[in-house]
Amino acid sequence: MAAIRTSTRQAAQKAKEAISAAPDTKNRGGAGAKRKDAAHKGPEPKRSKKDEQKPVQAEDRVVDERKENAEEQVEDKKEEQKPVQTEDTLVDERMEDAEEHVEEKKVEYNEEYAEHAEGKKGAPKDEPAEGLEEAQEKVEQEKEKQEPPEPSSEQQKPADEREEKSAPDRSEAGVQKSQEREDVVPSNILEKGVIYFFYRPRVNVSEAHSVDDVARSFIVLRPTPLGAALDETQGSLEAGAKCRLMMLPKKKFPTTGRERDMGFVEKAGQTMKELRENFIAGEKYETSTRGERTVPEAKPYAEGVYAITSTKRASHLAYILTIPGEIGPLQEDFGLHARGSWIVQSKNPKYPGPSYAQIPNDPEYPESVREKFQDYRWVPLTPEFINYQNAQFLMVGEATDDLGKAATAEPDGKRSEEKQPGEELEQLEDENKERVDSLKAAAALSSTRHKANNIVNQTTCGGTTYAYTGLEGYGYIPSNEVDKYGDTLGGIGSSIAIEQGSWHQTSHDSYSGIVYVLPDRGWNTNGTLNFQPRIHKLSISLILAHNASAQNPSPPNLHLKYLDTILLTGPDNQPTTGLDADATGHLSYPGYPPLPAATYTGNGFGGPGPGGKRISLDPEGLALVRDGFWVSDEYGPYIYKFNHAGKMLTAIQPPAAILPHRNGTLSFSAASPPLYSPSRKTVPEDPDPGRNNNQGLEALTISPDGKTLYAMLQSALNQEGGPKKKNRQPTRLLEYDIASSDKPVYKHEYAVLLPKYEDYTKDSDDKSVVASQSEIHQLPTGDFLVLSRDSGFGHGQAETRSVYRQADIFSLSNSTTDLKGKYDAVGASIASSKGKLKEGITPAEYCSFVDFNVEGELAKFGLHNGGEQDAFLLNEKWEGLAIVPVEPGEHSRRGKGKKNEYFLFSFSDNDFMTQDGYMNFGRFKYADESGYNIDNQVLVFKVEF
């Protein structure tokens, strides 16, 4: 980094920018057909009848104007466990010789350890707390929230002990790494990463100019994988990595072999977000003798990179500073230089420490760790020893403005292809400079755009940072609009797919394109009907409303126009049906698996007719391909391919574990009897095993290159958590290779743990329930959007306030368990009946993201969550997701690692609820018994990544 330090405030500001914080995420919190029980509030199975509720008078439509490391690192030999020895100084095992330490150090140690025992945050005890000035002003910064998994113990092993891998470059703990880089990392580097230096100022000191203005000093070690490369593409280091906060009661670091500093681990296994909230941030607390005390906020004064290295008889902690660019008096007063190293040892908890440095509790080492100390009081430090709170360590000065012995490996301990430790640390620091410079540029750009592009929420998932920057559009289709066949144009949000080639910018603030929508199985709140499933084609026009606000809400700025309808037929060109499938039996076609079928009487709407038998479809997922459409369904649950005319070409049967069984045989019924025969029973009601009723392959998406198809169950199979809502958390994601579309190949299967929310309508024992998912969409990053939500809350429902309605993100990685094969047989289960994943199964990483229910954003278009039953109350079911670029054509030219903005469209499914409805090609008129007219609402969010 080329920046020159001009003041300690600037240094702190720059360090703070580089340590971006993660904002809190709040999980937010009706007459639909897909409901098994009125008390259940997640996306629910469809039923022939709704739970009874009093009809509410349809709202007036006068509002139309507005609506428009913990494993072993080194097998230390006994002679390597001896006390560390430098050229001039032997660190004696018997640290009880307190006479070697000055009286000032005794006082500081006693204060710090006493406060540690009291559970305080290092508040000074010799000064009054009154008159504390505010902490320095906050800088605009990009923030992360995802907490990725802990680094594996593999990264803690020397390079010659690490297993050779052929895996491609990948991400670990939010940092990109490569096998090529890992192969040249010196074997004696036990750990590397980013190091942060903090101080807590004394009372009434707003900015520390020397160590005399400081009450406490401490460091934070943020480990990275050994194969990590911190360049400009890395961006802000996510907040989820597990860090250690190491307290140094003596504020100045040792600089010579005769200076020593004994400290302890205050926090271990903490995310940066947790450290900020629970330690770095200031606080007030009560004492029994001095009343209320104030702990000032800790401030960063330097940042750099570090490595813990080992030589034959010692361990070293070496560092190179990145921030500030030039060392100033503040850093020098702390004993820091542009680079330096310390000899570091760990104390055996078996022996008491010096009288001035005793802590009330020993580290909770497992026996396997305790054994490594043998009978030595002090041993060379390894990362494993400082992974525990209360672990004590000793720092002995070794080198300043140099890396000392930490920079070189023993001649007999280095492979020919490996670099020297100093070379690796210097390369890491150069990369960190690039990363910090990139962050500064991004922060400057973000600051200039802050008012127009405010970040509502931000998360990091799979190593990518995603930001939700605002609600940009709203539109609707009236509940009584009809298609070209005379049937109600309802339920269009079951799934959507935007034709990417159609999306274009018509002017500076306006866009248009084509979207295909899937309208479910027809009106079915009172019972299923012989509705022919179909796909609608709509045009969409978005005109941005930059000045929309809660005080000056915009009318609808998204306009939807109906264009066409494609009716879906079977391989024999016969119509398909939305009627519930028969409990036994199926239809057979050459080259197809057994297909769900419904036998009906009359015309299938309760009127006269010849009766018949048709393929049953409950279409829920939609993906576009060059030669047609892929559609996933809940009855099978199957995945079908249709051509542009709507004729079925292919049917994919999922693994047998997913297929619904009753009485030992396939049974495709969803226990949703027809409108004309509401008393029809399916025995038993719930399949066992297999997919739950109306919780089949709800979601479907295709990779950006069109070669891979993904389908996901709405919630857990009945043998692994279903059908109870509080248990059905683990769902399955299926992956198919469709490069040859006529012969799709089943490739992989993964587990995804769905989120939970607190249902305020339930008793305390049953409040925590699963938010089933309604749609997935693969992003250009390879991660997935997933629409998880509660159910039974919204327009037309008994309760209007939703608490969980979100487009979240999940990410697959090399560590995600591939379930294919092992769990595919009939009855095979990846989880217990209570929904707890089996040992050894690692699910996808799941990250909270776009909250639909943010009132401040909804108010920009006069919308609301909860409250009055009016046309501006959000609908219950949001089931469609699609993204398009804000700058069509430009995003593909920006290259890897560059930020792009997208519009995220979400359509709602209104369950065809209207008082002016038509089915059966306009011949069957109906009025939903709820008394409501529920429009098809559409929201448009802006996101960037």
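1. Ser906 stands opposite Leu939 in β43, in a model that is predicted. The two strands concerned, β40 (residues 901–909) and β43 (residues 936–944), run antiparallel and are joined by seven bridges. Both belong to an open sheet of five strands, paired in the antiparallel sense and ordered β14-β15-β43-β40-β39. At the edges of this sheet stand β14 (457–461) and β39 (877–885), each with a single partner strand, so one side of each is left without a neighbour in the sheet. From one strand to the next, the twist averages 30°.

2. The edge strand β39 also has a part in the second largest pocket, to whose lining β39 gives the most, with five residues. About 770 Å³ of space lies in that pocket, and its lining is made up of 39 residues, of which Gln500, Leu624, Ile702, Ser703 and Pro704 lie nearest the centre. The elements that give two or more residues to the lining are β16 (495–498), β23 (619–625), β29 (699–702), β35 (773–778) and β39.

3. Strand β11 (339–347) deserves a separate point, since eight of its nine residues are buried. Which strands pair with β11? With β10 the pairing is antiparallel over six bridges, with β13 seven bridges are found, again antiparallel, and with β12 (residues 378–380) there are three, also antiparallel. Val344 in β11 is the bridge partner of Ser315, and Val344 has a bridge partner in β13 as well, namely Met395. Ser346, for its part, stands opposite Val379 in β12.

4. The largest nonpolar core has 37 residues, of which Phe197, Phe253, Tyr301, Phe334, Leu336 and Trp342 touch the most other members. Two or more residues are given to this core by each of β3, β4, β5, β6, β9 (299–310), β10 (315–323), β11 and β13 (392–400). In soluble globular proteins, nonpolar side chains tend to be buried together. Leaving out residues up to four places away in sequence, Leu336 touches Phe197, Phe253, Tyr301, Ala302, Tyr319, Leu321, Ile327, Gln331 and Trp342.

5. Helix α5 (residues 272–280) has Met272, Lys273, Leu275, Arg276, Phe279 and Ile280 as buried residues, a list that includes the charged residue types Lys and Arg. What covers these buried residues includes β3 (189–201), β4 (214–224), β5 (243–248) and β6 (260–270), and these four strands are also among the elements that give two or more residues to the largest nonpolar core.

6. Is Glu424, in helix α8 (residues 421–448), buried or exposed? Glu424 has a relative accessible area of 1%, which is under the 20% cut-off, and is therefore buried. Residues up to four places away in sequence not being counted, Glu424 touches Arg181, Val185, Pro186, Ile189, Lys192 and Lys419.

7. Gly827 lies in the loop between β37 (805–811) and β38 (845–851). With a relative accessible area of 33%, a value between the 20% and 50% limits, Gly827 counts as partly exposed. Although Gly827 and Pro689 are 138 residues apart in sequence, their C-alpha atoms are 5.4 Å apart in space. Once neighbours within four places in sequence are left aside, Gly827 is in contact with Ala657, Pro689 and Gln719.

How values were computed:
Residues are numbered from 1 along each chain as its sequence is written. This is a predicted model: local features need pLDDT of at least 70, side-chain atom pairs count only at pLDDT 80 or more; totals for chains, interfaces and linings use all residues. Side-chain values use heavy atoms; hydrogens and water are left out. Two strands pair if DSSP finds at least two bridges between them. Axes are lines fitted to C-alpha atoms, for helices over the stretch in contact, and angles run from 0 to 180 degrees between N-to-C directions. Buried means under 20% relative accessible area, exposed over 50%, partly exposed in between (1.4 Å probe, protein chains only). Contact means heavy atoms within 4.5 Å. A nonpolar core is a set of buried Ala, Val, Leu, Ile, Met, Phe, Trp, Tyr and Cys residues joined through side-chain atoms within 4.5 Å. On a 1 Å grid over the protein atoms alone, a cavity is a set of points where a 1.4 Å probe fits but cannot get out, and a pocket is an open set with protein on both sides within 12 Å along at least five of seven lines; lining residues have an atom within 4 Å of a point. Grid points are joined across faces, edges and corners, and a volume is the space filled by probe spheres set on the points.
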